[in-house]
Amino acid sequence: IKNNVNIISHYTYCGNKSRIKSFPWFPDFQHINFPENFSYKNKFLRNLNVKLSEKNSNGIILSSKAVKKDIYKISKTAYRKSFVIHHANRVLEKKNLYNLSVLKKKYKIKKKYFLLPNHYWIHKNHFVVLKALKYLSKTNFEILSTGFQHDHRDRNHMKRIKNFIKENNLNNNYKILDLVPFKDLCSLMRYSIAVINPSFSEGWGNSADQARLLGRPCILSKIPAHQEFKYKHAYYFNPKNYKELANLLKNLENKKILIKKTNNEIEGKNYADRYLKIILNTSNR
């Protein structure tokens with residue numbers, strides 16, 4: 001109020017009597033589809049947050065139609081109060097990226113590669129990629145994996161991943177790079193054969209969207225949020241079927257796909273226009 005703020009979004013609710021209008025954002029409702037990954041307390045608090053948001057905010061922002069279907073299972077009122085807007089991603093321009101020789105030296109890259117930029121959380125489904133590599137046996141490519149290596153829901157998850165890699169001699173074909181700077185991530189995407197997201201659950205496919213902006217194909221799990229992603233260079237597979245993924249890796253391995261990059265600024269402006277229109281129209285009700 002002191003700083004003449006009229007609307008707050010993507011944060012939390014301000015209360016139904018607040019002079020400042022609020023629009024909380026929910027990235028997904030993973031606990032609805034995979035309740036086994038959450039404690040009873042966590043599921044209760046997640047649902048409670050939705051119901052408090054429905055009563056104490058002016059609208060609820062969601063990232064995909066798939067997420068909107070899930071909120072209906074929690075609260076029909078919240079469903080009616082919510083709206084979908086696919087958020088815009090950003091990447092660095094080509095002139096600001098590292099060249100391939102720099103990446104090869106920094107990350108000891110010896111072969112052409114697919115990029116798997118997913119945190120090591122249970123639902124991100126890294127095992128299907130490892131099983132696909134095992135099934136292929138010999139490959140002329142490697143998979144580079146980036147992301148945070150801890151999931152508070154299962155503290156042994158990363159240990160099982162590393163054991164599987166060791167037991168199946170996948171060290172030469174699968175490299176864990178940990179978290180990398182954003183410039184490195186964009187550069188690794190730019191020179192990859194394709195970007196992989198095998199996840200069981202997503203609110204919106206950010207890594208796929210970034211791959212599109214950088215002019216790279218992507219291999220995606222066939223889940224509702226990914227299927228909303230309209231991109232002719234997206235290839236889908238059943239997230240439980242490692243053989244299907246293995247065939248996609250093999251088929252794309254030697255394909256040279258040249259894609260025209262999308263203009264970051266135009267994408268950002270289009271998103272801003274859509275976002276403002278929705279927020280202001282809702283605020284004026």
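In this predicted model, the buried residues of helix α11 pack against six elements named here: the helix α6 (126-136) and the strands β6 (112-117), β7 (141-146), β9 (195-197), β10 (218-221) and β11 (234-237). Helix α11 itself spans residues 242-252. Its buried positions are Leu245, Ala246, Leu248, Leu249 and Leu252. Viewed down the axis of α11, these buried residues fall within an arc of 160°, so they line one face of the helix.

Helix α6, one of the partners of α11, also packs with helix α7 (residues 157-167). The angle between α6 and α7 is about 5°, and their axes lie 11 Å apart. Angles under 35 degrees count as roughly parallel, and α6 and α7 are therefore roughly parallel to each other. On the α6 side, the contact is made by His126, Phe127, Leu130, Lys131 and Lys134. These meet His157, Arg160, Ile161, Phe164 and Ile165 in α7. By class, the contact of α6 with α7 comprises five nonpolar, two polar and three charged residues.

A further helix pair is formed by α5 (residues 100-107) and α8 (residues 182-190). These helices pack at an angle of about 115°, with their axes 10 Å apart. That angle makes α5 roughly perpendicular to α8. The crossing of the two helices is left-handed. Leu103, Lys106 and Tyr107 are the contributions from α5, and they meet Asp184, Ser187 and Leu188 in α8. Three nonpolar, one polar and two charged residues make up this contact.

Notes. Residues are numbered from 1 along each chain as its sequence is written. This is a predicted model: local features need pLDDT of at least 70, side-chain atom pairs count only at pLDDT 80 or more; totals for chains, interfaces and linings use all residues. Side-chain values use heavy atoms; hydrogens and water are left out. Axes are lines fitted to C-alpha atoms, for helices over the stretch in contact, and angles run from 0 to 180 degrees between N-to-C directions. Helices (H or I, at least four residues) and strands (E, at least two) are DSSP runs, numbered from the N terminus. Angles under 35 degrees count as roughly parallel, over 145 as roughly antiparallel, 65 to 115 as roughly perpendicular and the rest as oblique. A crossing is left-handed if the near helix is turned anticlockwise from the far one by less than a right angle, and right-handed if clockwise. Contact means heavy atoms within 4.5 Å. Ala, Val, Leu, Ile, Met, Phe, Trp, Tyr, Cys and Pro count as nonpolar, Asp, Glu, Lys and Arg as charged, and the others, Gly among them, as polar. Buried means under 20% relative accessible area, exposed over 50%, partly exposed in between (1.4 Å probe, protein chains only). The arc is that of the directions from the helix axis to the C-beta atoms.
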